[in-house]
Amino acid sequence: TGAYESFIVPVSMLPGAGFTGAAAGVNLARDIEQGWLDHLLVSPAPRWVLLAGTVLAASARALIPASFVLAIALALAAAWPGLDGLAVTFFMVAAMAAVAACWGSFLALRFKSQSAAPLMQAGMMALILTTTAYAPLALLQGWLQDIARVNPVTQVVEAARQGFVGSVTWAETWPGLLALAGLLAVLGTLALREMRRTGR
């Protein structure tokens, strides 16, 4: 693309998704500290439903800051990604928020304290920023290029970006979907395991 605004806009949305997911973890830790989660655990709802509510709420909330970022980016002359590009970008943002919510929930249930909040936030920021966030892979140097190459979130960033820097293709989309599925499977399993252990 000829405009850096177009290149950077999807990456500007993803940290918002990461922080939204981390906030879900902080809120869960607060509920644990205040005893509210204990009330939910004695309800007939399965543990996975309680966790899914937290994760899905974070996914929905992440679309609000993403919409503001998009509006500002378009006002600053970022390229219009097209409806297909917009759909892919917003899906990646919502799914990344779900990943972050699983991470945050895992830490909240493991430590049962809001003091784990910095780890929730820092973990997501490190995962997002050690990608092709600010420059293409070929322009990265040394260890950052090596990490970006193996970081699964690089595929998410590239999938979210494609409508802003070119056309949307399945070849650029499926690696991002696969990376998200893997992250959700791993972190969701860890969070659910901690949820099942809680209160026993």
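**Pocket lining and the α1/α4 pair**

In this predicted model, the largest pocket is lined by A24, N27, L28, D31, L37, L40, L50, G53, T54, A57, R61 and M195.

User: Which element gives the largest share of the lining of the largest pocket?

Analyst: Start with who contributes: α1, α2 (36-41) and α3 (47-75) are the elements that each give two or more residues to that lining. Five residues come from a single one of them, and that's the largest share. The element is α3.

User: What volume does the largest pocket have, and how many charged residues are in its lining?

Analyst: The volume comes out at about 160 Å³. Sorting the lining by class gives seven nonpolar and three polar residues. The charged ones number two.

User: Are α1 and α4 roughly parallel or roughly antiparallel?

Analyst: Look at the axes: helix α1 (residues 4-34) and helix α4 (residues 82-111) come within 7 Å and cross at roughly 30°. Angles under 35 degrees count as roughly parallel, so the pair is roughly parallel.

User: What is the handedness of the crossing where α1 passes α4?

Analyst: The angle there is roughly 30°, but handedness is a separate matter. As α1 passes α4, the crossing is right-handed.

User: How many charged residues are in the contact of α1 with α4?

Analyst: On the α1 side, the residues that meet α4 include G18, G21, G25 and I32. Their α4 counterparts include T89, M96, G104 and S105. By class, this contact has 16 nonpolar and six polar residues, and the charged count is none: no charged residues.

Conventions. Residues are numbered from 1 along each chain as its sequence is written. This is a predicted model: local features need pLDDT of at least 70, side-chain atom pairs count only at pLDDT 80 or more; totals for chains, interfaces and linings use all residues. Side-chain values use heavy atoms; hydrogens and water are left out. Axes are lines fitted to C-alpha atoms, for helices over the stretch in contact, and angles run from 0 to 180 degrees between N-to-C directions. Helices (H or I, at least four residues) and strands (E, at least two) are DSSP runs, numbered from the N terminus. Angles under 35 degrees count as roughly parallel, over 145 as roughly antiparallel, 65 to 115 as roughly perpendicular and the rest as oblique. A crossing is left-handed if the near helix is turned anticlockwise from the far one by less than a right angle, and right-handed if clockwise. Contact means heavy atoms within 4.5 Å. Ala, Val, Leu, Ile, Met, Phe, Trp, Tyr, Cys and Pro count as nonpolar, Asp, Glu, Lys and Arg as charged, and the others, Gly among them, as polar. On a 1 Å grid over the protein atoms alone, a cavity is a set of points where a 1.4 Å probe fits but cannot get out, and a pocket is an open set with protein on both sides within 12 Å along at least five of seven lines; lining residues have an atom within 4 Å of a point. Grid points are joined across faces, edges and corners, and a volume is the space filled by probe spheres set on the points.
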